[in-house]
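Thank you all for making the time this morning. I would like to walk you through one structure, beginning with a sheet and then turning to the spaces between the atoms.

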Amino acid sequence: MNLKGRDYIETQDFTVEEINHLLDLSDRMKADFRNGRSTLWLPHQTIYLLFFDKSTRTRNAFEAGATQLGAHAHFLDSSATQISHGETARDTGIILGSMGHGIAIRHDLIPGAGNSYMREVADATDVPVINMQCDIDHPTQTLADLMTMREIFGKNLRGRKIAVSWAFAPSYAKPLSVPQGLITLMTRFGLDVTLAMPPEYKLMDKCMEDAHRNAAAAGTKFEVVDDMDAAFENADVVYPKSWGAFDLMSERLDLKTQDQLRRNEEECLKLNAKYKNWICDDRRMKLAKKEAVYMHCLPADRGNEVTDAIIDGPQSVVFQEAENRLHTAKAIMAATMRERPF
Ligand code: CP
């Protein structure tokens, strides 16, 4: 299967067969990494990592992964580039594309802004553009999540239930892209998905429609509830995490000053505080199956989204999931970045 030159912006852009190919390649990358085998698939290549938001796992998965593939990753903080003076997505795409072999972007905090920015960059260049998290999807995260589930339950996930639930966090209004990425991807891979959230925390209509359509096409279930307990009942995987209120976060498209954005963030957190009892604790974990696993993309708000006993306990697979960010990032870069003669 040849994915050279393809942009990896949403998992919806890829067929089940193509995603399975990336998962198999990720398994191979992991085995090679564990056994100390060389993976110099992209010698002398350059990928630009452009961040409009902070990161620990994604940045390091791509930087370490690029090195391990024989490539070099340039870290670009958008605020330290001419983007902060208004340079356009198109110009940025043409210029970075002319100097390198791939562009990866994180732009995730403003509904309506990140995905469209990436697609503008992608339209301007023929090197692949990889989404390191946007407002719609976090497709490198959900690929690692799916890889982790396959490692735990086997490749056939049909009939397994995943509870994707909102959870309380006081730290910051988190993007919607992880739950949106989970409901759209997991419904295509045999899992029955239950989404739970309080009324203010709806996800984007497009993602909800995709999830319903995917479930119907794959013969899986997608249900929506407003009760965390109901979602956890009989689940094989629980994935409770916080995200910001869509209506409040959408206002950010029109906010111009740092002061307006700070006030918007405060409003988001004030609303979150209405739902402090949405926590993954021992009582809730017991509602899931005995062999159920706890997953989280991290960072987790310990003591708020989840108790220490659960995230550090025997059912937690968060560090396996985090390590798999490396192997999946390598697979995506190796599969999509174009070889150019030197
Ligand atoms: N899960 C995740 O994307 O982590 P970072 O924000 O640290 O990259």
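Let me begin with the sheet, in which 5 strands, taken in the order β7-β6-β5-β8-β9, form an open arrangement with parallel pairing. At its edges stand β7, which covers residues 222–225, and β9, which covers 293–294, and each of these pairs on one side only. Please keep in mind throughout that what you see is a predicted model.

Within that sheet, strand β5, running over residues 161–166, and strand β8, running over residues 237–241, are joined in the parallel sense over 5 bridges. If you look along this pair, you will find Val164 opposite Tyr239 of β8. Against the sheet packs helix α7, residues 205–218, which touches both β6 (192–196) and β7, and the direction of α7 makes about 140° with that of β7.

As general background to what follows, rolling a probe the size of a water molecule over the atoms shows where empty space is left.

I turn now to the pockets, and the largest pocket has a volume of about 1,100 Å³. Where does the largest pocket lie with respect to domain 1 and domain 2? Domain 1, which comprises 11–138 + 325–337, and domain 2, which comprises 141–321, both contribute residues to its lining, and therefore the largest pocket lies between them.

That lining consists of 41 residues, and those lying nearest the centre of the largest pocket are Phe52, Asp53, Lys54, Asp108 and Leu109. At least two lining residues come from each of α2 (57–68), β2 (72–77), β3 (102–107) and α10 (258–272), and it is α10 that gives the most, with 4 residues. Sorted by class, the lining of the largest pocket holds 16 nonpolar, 12 polar and 13 charged residues.

The second largest pocket contains about 180 Å³ of space. Phe52, which we met a moment ago, appears in its lining too, together with Ser78, Ser79, Ile83, Ser84, Gly86, Glu87, Thr88, His107 and Tyr117. In this second lining, 3 residues are nonpolar, 6 are polar and 1 is charged.

From the pockets we can move on to the cavities, and here a search of the whole structure finds 2 cavities of 30 Å³ or more. The largest cavity holds about 40 Å³ of space, and around it are Glu10, Gln12, Ile136, Asp137, Gln180, Thr184, Lys206, Cys207 and Asp210. Two or more of these lining residues come from α6 (177–186), and likewise from α7, the helix that we have already seen packing on the sheet. Which element gives the most to the lining of the largest cavity? That is α7, with 3 residues. By class, the lining of the largest cavity divides into 2 nonpolar, 3 polar and 4 charged residues, and at least three residues are drawn from each of domain 1 and domain 2.

The second largest cavity has about 30 Å³ of space, and its lining is made up of Asp108, Pro111, Asp135, Pro175, Leu176 and Met249. You may recall Asp108 as one of the residues nearest the centre of the largest pocket. The lining of the second largest cavity has 4 nonpolar and 2 charged residues, with no polar ones, and here too domain 1 and domain 2 each supply at least three residues.

Technical notes
Residues are numbered from 1 along each chain as its sequence is written. This is a predicted model: local features need pLDDT of at least 70, side-chain atom pairs count only at pLDDT 80 or more; totals for chains, interfaces and linings use all residues. Side-chain values use heavy atoms; hydrogens and water are left out. Two strands pair if DSSP finds at least two bridges between them. Contact means heavy atoms within 4.5 Å. Axes are lines fitted to C-alpha atoms, for helices over the stretch in contact, and angles run from 0 to 180 degrees between N-to-C directions. On a 1 Å grid over the protein atoms alone, a cavity is a set of points where a 1.4 Å probe fits but cannot get out, and a pocket is an open set with protein on both sides within 12 Å along at least five of seven lines; lining residues have an atom within 4 Å of a point. Grid points are joined across faces, edges and corners, and a volume is the space filled by probe spheres set on the points. Ala, Val, Leu, Ile, Met, Phe, Trp, Tyr, Cys and Pro count as nonpolar, Asp, Glu, Lys and Arg as charged, and the others, Gly among them, as polar. Domain bounds come from an automatic or database domain assignment.
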